[in-house]
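Reader: I'm new to this and would like to work through a structure by asking questions. Could you show it to me?

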Amino acid sequence: MIAIIGAGMTGASAAQVLTEAGVDFTVFDKSRGLGGRLATRRTDSYSFDHGAPEITIDDDAFRSWLLQHADGALEQNSFRRADGMSGAVGPVFEDVSVHRATRIVALRRDGLGWALSDEAGQWFGPFEAVIVTIPAPQAQALCPPEMCANAFDQVVMRPVWTLLAGGTVPDTMLNGCDAPSVIPGRSHGNTGLARIYHFPSDFSALHIERHKPEMAQTLWARIAPDLPQPDYLAAHKWRYGRVGMPLGRPFHGTAKEGLLFGGDWALGDSAAHAWRSGQAMAKALLSR
């Protein structure tokens, strides 16, 4: 039995390889939903793909995988899901054991294999191997010191504050050196516009410890100081939203140890990088 920590694109990629090989595994994710940064927030009037609004396709292998295993529509160089990106990797996990809302905070190895502990102190296992697909700083906190001395030092992950607004909102592209990028959301009925604003990492880092309700007001005042607050307004903090400097290889760890760490941060800043990392980790375990 293998454990996968994280149900985003990297976890889905690894899960597909293990499924096709007939290997038993179980998945743990801190969220109630699936997809990681392929996230969608829904209200009665609006829905927002506030993580990744689309997936960029950069090679034929990734395109083929999305066609076969993801649920959505492919265009020439991108993949989208009309009703929300959070369901893009859902088909991979349909018949998989997934422990949702379960944050793994510790790993322990003994003679039987690896055991995992959640925040409540419940232990799971033993597992013969563990694939960890969470952001690098969180992965480092799980990694035994003897395996991770200086391993993650070069990886840089940067925050992104995101504002979700619905109603009377700016509809112009605000992109610039100190302005957010603007992404359309979806409105249901005659409820106005839905827009997602991703703020630059340097700005986001200055405000990273602020609370979401307060930050929503700050972000709205930054982009639309002359407009009243819209019908819907919320802020979301992606503490590890972008990769500034990747690891430079598909994963850290060895199949012999049975503990591998990877994600988009291993190779770059895109869903394709996350997919390649997941493929590489699962195949490394299968080749032991």
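Reader: Okay, which residue is the bridge partner of L116 in β11?

Author: Quick heads-up: this is a predicted model, where local features need pLDDT of at least 70, side-chain atom pairs count only at pLDDT 80 or more, and totals for chains, interfaces and linings use all residues. Residues are numbered from 1 along each chain as its sequence is written, and side-chain values use heavy atoms, leaving out hydrogens and water. Strand β10 (residues 113-118) and β11 pair in the antiparallel sense over 3 bridges; strands here are DSSP runs of E with at least two residues, helices are runs of H or I with at least four, and both are numbered from the N terminus. Across in β11, the partner of L116 is F124.

Reader: Which strands stand at the edges of that open sheet of 3 strands?

Author: Two strands count as paired if DSSP finds at least two bridges between them. The order is β9-β10-β11, with antiparallel pairing. Two strands have a single partner each, so one side of each is left without a neighbour in the sheet: β9 (104-110) and β11 (123-127).

Reader: And in what order do the 6 strands of the other open sheet come?

Author: Here the pairing is mixed. β8 (97-99) and β18 (252-254) each have a single partner strand, so they stand at the edges. Reading across, the order is β8-β2-β1-β12-β19-β18.

Reader: Which residue is the bridge partner of T254 in β19?

Author: β18 pairs with strand β19 (residues 259-261) in the antiparallel sense, over 3 bridges. In β19, T254 has as its partner L259.

Reader: At about what angle does helix α1 run to β1?

Author: Angles go from 0 to 180 degrees between N-to-C directions, with axes fitted to C-alpha atoms, for helices over the stretch in contact (heavy atoms within 4.5 Å). Helix α1 (residues 9-20) lies across β1 (2-5), β2 (25-28) and β12 (129-132). Its direction to β1 is about 160 degrees.

Reader: Now for α6: why are its buried residues M215, A216, L219, W220 and I223 on the same side?

Author: Buried means under 20% relative accessible area, with exposed over 50% and partly exposed in between (1.4 Å probe, protein chains only). An α-helix has 3.6 residues a turn, so residues three or four places apart point the same way. In α6, the buried ones sit on the same side because, going by the directions from the helix axis to the C-beta atoms, they cover an arc of only 135 degrees.
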